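Here is a short, friendly tour of the model shown below. Have the sequence open beside it as you read.

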Amino acid sequence: MSEVLIIVVGGYILLSLILIPFQSRYVEQMEKLRKENEEKGISQGEMMEGMKFEDQVLHANVQGSIIFILPNILATIIYKIRNRQKSAR
């Protein structure tokens, strides 16, 4: 049983590492979109309502899926570290 658990956890970690570049781009684009809408005075709820249906479904799947929890957290941390370094320059 423990071997199966090790394989599952190892597979999840490997999958998470593979997904980090994709999630990093997603986090970057969402932050860019948030900033643009903030400048226009549009709230996040209004932004979501203004999205196409397909984009809303993709966003919900990325944010709500258990598979994407670790890659989302790691991608967000990487994004914040990179932006902190950029703003310090």
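**A surface patch and a pocket**

Ile 77 counts as partly exposed because its relative accessibility is 44%, a value between the 20% and 50% cut-offs. Please keep in mind that this is a predicted model. Two topics follow: the nonpolar patch that includes Ile 77, and the largest pocket.

**The nonpolar patch**

- Ile 77 sits in helix α4, which covers residues 69-88.
- Together with Ile 66, Ile 69, Ile 73 and Ile 81, Ile 77 makes a nonpolar patch on the surface.
- The area of this patch is about 470 Å².

**The largest pocket**

- The space in the largest pocket comes to about 220 Å³.
- Its lining is made by Tyr 26, Val 27, Met 30, Glu 31, Arg 34, Gln 44, Met 47, His 59, Gln 63, Asn 72 and Thr 76.
- Sorted by class, five of the lining residues are polar, four are nonpolar and two are charged.
- Helices α1 (2-40), α2 (44-50), α3 (53-64) and α4 each give at least two residues to the lining.
- Helix α1 provides the largest share, with five residues.

**A closer look at Gln 44**

- Gln 44, one of the residues lining the largest pocket, belongs to helix α2.
- Gln 44 is exposed because its relative accessible area is 57%, and the cut-off for exposed is over 50%.
- Between Gln 44 and Leu 33 there is a C-alpha to C-alpha distance of 9.7 Å, and the two are 11 residues apart in sequence.

Conventions
Residues numbered from 1 in each chain as written. Predicted model: local features only at pLDDT ≥ 70, side-chain atom pairs only at ≥ 80, totals over all residues. Heavy atoms only, no water. Patch = residues over 30% accessible without salt bridge, like charges linked within 9 Å, V, L, I, M, F, W, Y side chains within 5 Å. Areas by Shrake-Rupley, 256 points an atom, 1.4 Å probe, with all protein chains shown as cover. Salt bridge = Lys/Arg side-chain N within 4 Å of Asp/Glu carboxyl O. Helix = DSSP H or I, 4+ residues; strand = E, 2+ residues; numbered from the N terminus. Buried < 20%, exposed > 50% of the residue type's maximum accessible area, 1.4 Å probe, protein only. 1 Å grid on protein atoms, 1.4 Å probe; cavity = no way out; pocket = protein on both sides within 12 Å on 5 of 7 lines; lining within 4 Å. Points joined across faces, edges and corners; volume = space filled by probe spheres on them. Nonpolar A, V, L, I, M, F, W, Y, C, P; charged D, E, K, R; others polar.
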